[in-house]
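These exercises ask you to read a protein model step by step, from single residues up to the whole chain. Try each task before you look at its solution.

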Amino acid sequence: QIAALTTAGTAALTTNQVQAINTAGIAALRTAQVAALTTNQVVALTTAQVASLTTAGIAALSTSQVAAIETVDIAALTTNQVASLTTAGVAALTTNQVVALTTGQVASLTTAGVAALSTSQVAAIETVDVAALKTNQVAALTTAGVAALTTSQVQAVNTAGIAALRTAQVAALTTDQVVALTTGQVGSLTTTGVAALTTSQVAAIETIDVAALKTSQIAALTTAGVAALTTNQVQAVSTAGIATLGTNQVAALTTNQVVALTTAQVSALTTAGVAALSTSQVAAIETVDVAALKTSQIAALTTAGTAVLTTNQVQAINTAGIAALRTAQVAALTTNQVVALTTAQVAALTTAGIAALSTSQVAAIETVDIAALTTNQVAS
């Protein structure tokens, strides 16, 4: 009998009459009848009546009808009913209704429904509900929706959800949101996500989080991102991370960043990385760090890089490093650098290195150092 009512007849029912319909009668309503309900009738529906609407009935609700459902009734919707809401219906939810959604209900929203959420709706999702979002739901958030998340909500996203973020979503994070990311969350960013970070976002990563970055994540940083790291962040990069830097990334380091590198970090640079250093970068390496360079790293310096070493840096090179100099590097030494060589360093030059010395370089060797030359060096 209920189902036999015309849509006009349904719309004419008083609110008292509507409330008098048993739940079986509500469940029997045709979609056209549900769509014919006035907002006053929807408001009048009891919690039990709302819960008895079929999924087809829920899908038939207009935006004004959805907005008219009382918050206490919203909380009583089954997960299937919530999943049946149209995208327009989801978008019509008031912020109070969004707050009223249970964790299970939020988790039952379709990806299309999640994508339909406004920024104010996203911000209204309770943190406990954000924590329960599925990875495909997190990935469905609009970039504006991502940017609207509160810092508490951001921290509530599980690591799988962070890993599911699209590059456009990562790029949409505010610097405050980046600061709020936990170490585990930063560590779960994909390499494409890391590559999508803006310079301001990179600079906002906390040093404790930088220290936990995987080598693949370090290698994924753009050159602009590398250059944007603060000196504290640079020092927080693990030696394994430093070793994974590409030549373009090494070349992007500022002189202040080079100065900030620890001895262990400088020692971790690959030979290709050392070869990529500019003259200003080489000159910025602290003498204590120069002293720790491996022989393979010394040999990897370009001739231009060798020529810009300060006299203090030259004197800091151990004798094994001097012995590792290529003939082109020896030939690139300035006369001031030759003068600065210690007796032990001159004695460490290979015979090929001695043979590569120019007349001005030979003339610059101090007399005390000449006396220490080996017979083989003199013969060269």
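**Exercise 1.** Decide whether Gly246 is buried, partly exposed or exposed, and say where along the chain it lies.

*Solution.* Begin with the relative accessible area, where buried means under 20%, exposed means over 50% and partly exposed lies in between, with a 1.4 Å probe and protein chains only. Gly246 has a relative accessibility of 28%, so it counts as partly exposed. Next, place the residue: Gly246 sits in the loop between α30 (239-243) and α31 (247-252), where helices (H or I, at least four residues) and strands (E, at least two) are DSSP runs numbered from the N terminus. Finally, compare sequence with space: Gly246 and Thr302 are 56 residues apart along the chain, and their C-alpha atoms are separated by 17 Å.

Before going on, note that this is a predicted model, in which local features need pLDDT of at least 70 and side-chain atom pairs count only at pLDDT 80 or more, while totals for chains, interfaces and linings use all residues. Residues are numbered from 1 along each chain as its sequence is written, and side-chain values use heavy atoms, with hydrogens and water left out.

**Exercise 2.** Describe the surroundings of Ala147, and then follow its contact with Gln177 to the other side.

*Solution.* First, locate Ala147, which belongs to helix α18 (residues 143-148) and is partly exposed, because its relative accessible area is 33%. Second, list its contacts (heavy atoms within 4.5 Å): apart from neighbours within four places in sequence, Ala147 touches Ala172, Thr174 and Gln177. Third, turn to Gln177, which is part of helix α22 (residues 175-180) and is buried, since its relative accessible area is 1%. With neighbours within four places again left aside, Gln177 is in contact with Val146, Ala147, Ala148, Leu149, Val154 and Ala172. Fourth, look at the polar atoms: one in the side chain of Gln177 lies 2.7 Å from the backbone nitrogen of Thr174.

**Exercise 3.** Characterise Ser120 and Ala160 by helix, by exposure and by a distance to another residue.

*Solution.* Take Ser120 to begin with: it is in helix α15 (residues 119-124), and a relative accessible area of 41% makes it partly exposed. Its side chain is joined to that of Ser118 by a polar contact of 3.1 Å; such a contact is a pair of N or O atoms within 3.5 Å, and within protein one must be able to donate a hydrogen and the other to accept it, while residues adjacent in sequence count only if both atoms are side-chain atoms. Ser120 and Leu93 are 27 residues apart in sequence, and 11 Å apart from C-alpha to C-alpha. Then take Ala160, which is in helix α20 (residues 159-163) and is partly exposed at 42% relative accessible area. Ala160 and Asp129 are 31 residues apart in sequence, with 15 Å between their C-alpha atoms.

**Exercise 4.** Work out why the protein chain is described as more spread out than a compact globule.

*Solution.* Start with the make-up of the protein chain, which has 47 helices and zero strands. Its radius of gyration is 35 Å, well over the 21 Å that the globule rule gives for 380 residues, so the chain is more spread out than a compact globule; the radius is taken over C-alpha atoms, and the rule is 2.2 Å times the number of residues to the power 0.38. Then check the dimensions: along its principal axes, the C-alpha trace spans about 120 × 25 × 20 Å. To finish, note that buried residues make up 43% of the 380 residues.
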